[in-house]
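Here is a brief report on one structure. Take a look at the sequence and the fold, then read on.

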Amino acid sequence: MADTGDAGVKVFVGNIAFATTSEDLTAAFSAAGEVLDVTIITRGTRSLGYGFVSMKDQAGAEKAVQTLNETELADRALKVEIAKPRDPNAPRPERAPRERAPRKKKENGEGGAAAGEEAGEGEGVAPKKRKPRKKKPTVDENGDPLPPRQRRSTVPRSESETTLYVANLPFSMDDAGLAELFKGQSFTSAKVVTSASGRSKGFGFVNCSDHAAQQKALEAVNGADADGRAVSVKVALSEPKEQSA
């Protein structure tokens, strides 16, 4: 059994699609229990394809393994298992020494070991010098300075007043099925997000008529059953707006 505490029970998640976000994992794992934290391991800004989900308790962690292991998210079959705590006292395995293939001697005598011996130099080929890196241009072809690279906005995204994020959908559900799920609610559109091949990614968005309709649909549909799946409905996040100077 995994260690529990304030951090909950950690579950390892492998084979994550590079486009999958922490929000996608939270929505998927919420069907198994309360999610405390989601961490996708990255190198720089690029996902390495695995991460960890902290569930509130052991029961939620075990249910996540039972219900989500080998299930598809964004066209990838997830690998879900209880994370094993690392023993700080365990010795690190020793790496085997790398074996390098011997260099081939040059027969024409240009810089080879044989040529070096004949010339009295003794050691063979001199190391190659690295070429200096080219500096990136700071001006264009007209001599005008190039604009600075624009960084990603640090403005936090706010909650949408009308749009709902709907996750844990059956992969067989299309736009019409999503609209049917929200039957009786006041909405203007229902869209299931798909990959380039047209396959559902298991989540979508519903645009409600106004804020009141959004809140009513959220309360009515969240947790509803769709082909054996408990649908997760949350308020969608809006893109950050640029602040005027």
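## A bridge between two strands

A167 has S232 in strand 12 as its bridge partner. Strand 7 and strand 12 pair in the antiparallel sense, over 5 bridges. The model behind these details is predicted.

## The sheet

Strand 7 and strand 12 belong to an open sheet of 4 strands. The order is 8-9-7-12, and the pairing is antiparallel. Strand 8 (187-194) and strand 12 stand at the edges. Each has a single partner strand, so one side of each is left without a neighbour in the sheet. From one strand to the next, the twist averages 30°.

Strands of a sheet pair through backbone hydrogen bonds, either parallel or antiparallel.

## Helices across the sheet

Helix 1 lies across strand 7, strand 9 and strand 12. Its direction is at about 60° to strand 7. Helix 5 (residues 211-221) also lies across strand 7, strand 9 and strand 12. Helix 5 runs at about 25° to strand 7.

## The largest pocket

What volume does the largest pocket have? It is about 600 Å³. The lining of the largest pocket has 23 residues. A19, T20, T21, S22 and D24 lie nearest its centre. By class, the lining has 10 nonpolar, 7 polar and 6 charged residues.

Several elements each supply at least two residues of this lining. Among them are helix 1 (22-29), strand 7 (159-167), strand 9 (200-208) and strand 12 (232-237). Strand 2 (35-43) and strand 3 (46-55) each supply at least two residues as well.

Methods:
Residues numbered from 1 in each chain as written. Predicted model: local features only at pLDDT ≥ 70, side-chain atom pairs only at ≥ 80, totals over all residues. Heavy atoms only, no water. 1 Å grid on protein atoms, 1.4 Å probe; cavity = no way out; pocket = protein on both sides within 12 Å on 5 of 7 lines; lining within 4 Å. Points joined across faces, edges and corners; volume = space filled by probe spheres on them. Nonpolar A, V, L, I, M, F, W, Y, C, P; charged D, E, K, R; others polar. Pairing = 2+ DSSP bridges. Axes fitted to C-alpha atoms, helices over the stretch in contact; angles between N-to-C directions. Contact = heavy atoms within 4.5 Å.
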